[in-house]
Amino acid sequence: MTTTAPDDIDLDALRERYARERDRRLRPDGTRQYRRTAEGSGDGVTDPHTPRREREPVTGSVQALVIGTGFGGLLTASFLRSRGIEELRVMDEAGDVGGTWYWNRYPGVRCDIESYVYMPLLEETGYMPSERYAPGEEIRRHAVRIAEQHDLYRDALFHTRATSLTWDEDEAEWIVETDRGDRFRARYVVTSSGTLSQPKLPAIPGIEDFTGHIFHTSRWDYDYTGGTAEGGMTGLAGKRVGVVGTGATGLQVIPHLAEDAGELVVFQRTPSTVDVRDNRPTDPAWAGDLEPGWQRRRMENFLRVLAGEQVDQSLVTDGWTRTTSLQRSMISGAVDETLTPEERARRDELDDAVTMERLRARVTEVVEDPATAAALQPWYRYMCKRPGFSDYYLQAFNRENVTLVDTADHGGITAMTETGVVVGQEEFALDCLIFATGFEAGVSGVVSGTLPVIGRGGRPLLEAWARGPRTLHGFSSHGFPNLFQLGTVQNANSVNFVHILQEQAEHIAAIVGRAETAGARWVEPSPRAEEDWARTIAETSRDESAFLAACTPGYYNGEGTRTSSAGGYAPGPVAFHELLRTWRAGGMSEVLVLSEEDVRERTDLPSAAMTGASA
Ligand code: NDP
């Protein structure tokens, strides 16, 4: 494969080219260009996988409720059960467990992180993935396996959305209400409701007029297409199919559509980077030689490598481990302190340029038609978009039945009519249009307000967070006892997000376990602890504004509107996990409310001046 030497790169010219491409893509409406989809809205987002069953509303009480049954929720519930929490209920809007793997069953869906470090509890469940990058259905079944092994189906509520959480001070319990008329109590509530779960569609004029078939990739309609996630979509034979979107999902689904559709029109706005995937079946000899504790060691090793920490040997060598220093511009971690920030920035920019030149060259090597190849070349810095990997995607554009339509000059699709899609002045007649247009980023119901949380004294969480999140380590907030959140708020992140969720789940379960054995009245950080944590986040943060501002628009930079990072812990996940372990070893007394004095300290509502509340 072609490589370019750093000395041959003209950084000024490259910056100029990147700026031109960004400006071509910027839209004045930013994130408002999308509309939220809603269940039952008839626009292809209703659950196609499980019929909704009527049931009687649930009352009574449980020790713990976990909202969300993706890997984050399942791991938390499993660890809570292991710590003796028997009356445990999990709840999800979906018809079964699995989270993103429940919803996303489109043809070609696969893990894009190595399965041996992505799929949790492999040793505990005695399961070995069939391939290095396992198919989505196998990952979904693994979620079911975890739920069964920990008896999480016993009291589960599916197709159920929590509509409010209200703290009852007298009973020290949460009152939970749902869209199925349930009203029950839970001593502890944990929310793990997804960072990329709400599908989004572009607000395209005329979308309602289209009389052909339409759906989002996360609600795949196999009744229409036929086939399975392995392909074989006989329903698309002879049909003119359009697909909007060429992100991580588009890369996986487009080769299958190309194979099965009569004609496929790919509407691209920004091309993804497409590096080598190199998937392969799991070698039984390798799997048989693994020593106990191997998965934890491999996960930790992968995390350390990606976070820029020293390791003797990188156990996972793939497209992610080859680009670790480039990831630092978007994902927290250790940086090379032997260089000045300016030296570091220049070195990173050159490394970035070498990688991007290699990936642009890969396009021209694979795609035969020069105009199509030129349109498929990405012109931005590596981490402006989620990096992509595929050994089939670029090849699909060499097929006679596949057409690439570049919509970048028009900011995307211009309009839809009864019969098709309009880009600029040109109309493309279609029988079916599939949206691979992604998800709302980082929005859990607690943060967006769709799940109102009313804490002590009737105070809404969003009021307490009016000037931004206030948490201890990202998990819990003063005034909202026994409530924990998983996710990306005020903590550390990594590409292998399930590993991050596992650490979060262990942490939360450890706190709940400690509170139960200590006989605590409840668990709650003090305002001082929250302030200290906010200060730590601010003091350690890095300035990513120049990088984000120069990036082509996407969900990483709020469609070009956001120039500050999400406020995570900049030293990175390895340092963060160490910090949490040390904190736990200290007895967790900071959050345990045991005595009358603790109660007095925690129930004094913080002053309006401190929280930014107007009343
Ligand atoms: P993305 O948000 O990454 O991509 C959406 C795509 O739709 C982009 O190509 C976008 O173009 C395009 N688009 C949006 N609006 C329009 C429009 N009006 N006209 C034309 N094109 C439009 O969503 P994905 O579902 O691909 O991926 C979301 C995330 O899910 C990934 O980043 C990854 O984190 C995760 N994922 C993980 C997988 C895994 O294997 N683990 C697999 C799939 C997804 P533009 O770039 O110009 O905005």
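In this predicted model, N104 sits in the loop that links helix 3 (100-103) to helix 4 (115-118). A loop residue might be pictured as open to its surroundings, but which is N104, buried or exposed? Its relative accessibility is 7%, and because residues under 20% are classed as buried, N104 counts as buried. Once neighbours within four places in sequence are left aside, the residues in contact with N104 are V109, T217, S218 and F439.

The next feature to look for is a sheet. Five strands make up this open sheet, and their order across it is 8-17-9-10-13, with parallel pairing. At its edges lie strand 8 (213-216) and strand 13 (402-406), each of which pairs on one side only. On average, neighbouring strands of the sheet are turned by 20 degrees against each other, when direction is ignored. As a general point, the strands of a sheet pair through backbone hydrogen bonds, in either a parallel or an antiparallel manner.

One pairing in the sheet can be followed in detail. Strand 9 (residues 240-244) and strand 17 (residues 432-435) run parallel and are joined by four bridges. To find one of these places in the structure, start at V243, whose bridge partner in strand 17 is I434. A helix also meets this sheet: helix 8 (residues 248-260) lies across strand 9, strand 10 (263-268), strand 13 and strand 17. Relative to strand 10, helix 8 runs at about 155 degrees.

Helix 18 offers a good chance to check a helix by simple arithmetic. This helix has 14 residues (527-540), and at 1.5 Å a residue it should span 20 Å. The C-alpha atoms at its ends are 20 Å apart, which agrees with that expectation. Which residues of helix 18 are buried? They are P527, A529, E530, W533 and I537. Viewed down the helix axis, these buried residues fall within an arc of 165 degrees, so they line one face of helix 18. On the other side of the helix, R528, A538 and E539 are exposed. A general rule helps in reading such a pattern: an α-helix has 3.6 residues a turn, so residues three or four places apart point the same way.

Finally, the view can be widened to the domains. The domain assignment gives domain 1 (6-39 + 201-277 + 358-439) and domain 2 (61-97 + 152-195 + 442-610). The C-alpha centres of domain 1 and domain 2 are 36 Å apart. Where the two domains meet, 16 residues of domain 1 are in contact with 14 residues of domain 2.

Methods: Residues numbered from 1 in each chain as written. Predicted model: local features only at pLDDT ≥ 70, side-chain atom pairs only at ≥ 80, totals over all residues. Heavy atoms only, no water. Helix = DSSP H or I, 4+ residues; strand = E, 2+ residues; numbered from the N terminus. Expected span 1.5 Å × (residues − 1). Buried < 20%, exposed > 50% of the residue type's maximum accessible area, 1.4 Å probe, protein only. Arc of directions from axis to C-beta. Contact = heavy atoms within 4.5 Å. Pairing = 2+ DSSP bridges. Axes fitted to C-alpha atoms, helices over the stretch in contact; angles between N-to-C directions. Domains from an automatic or database assignment.
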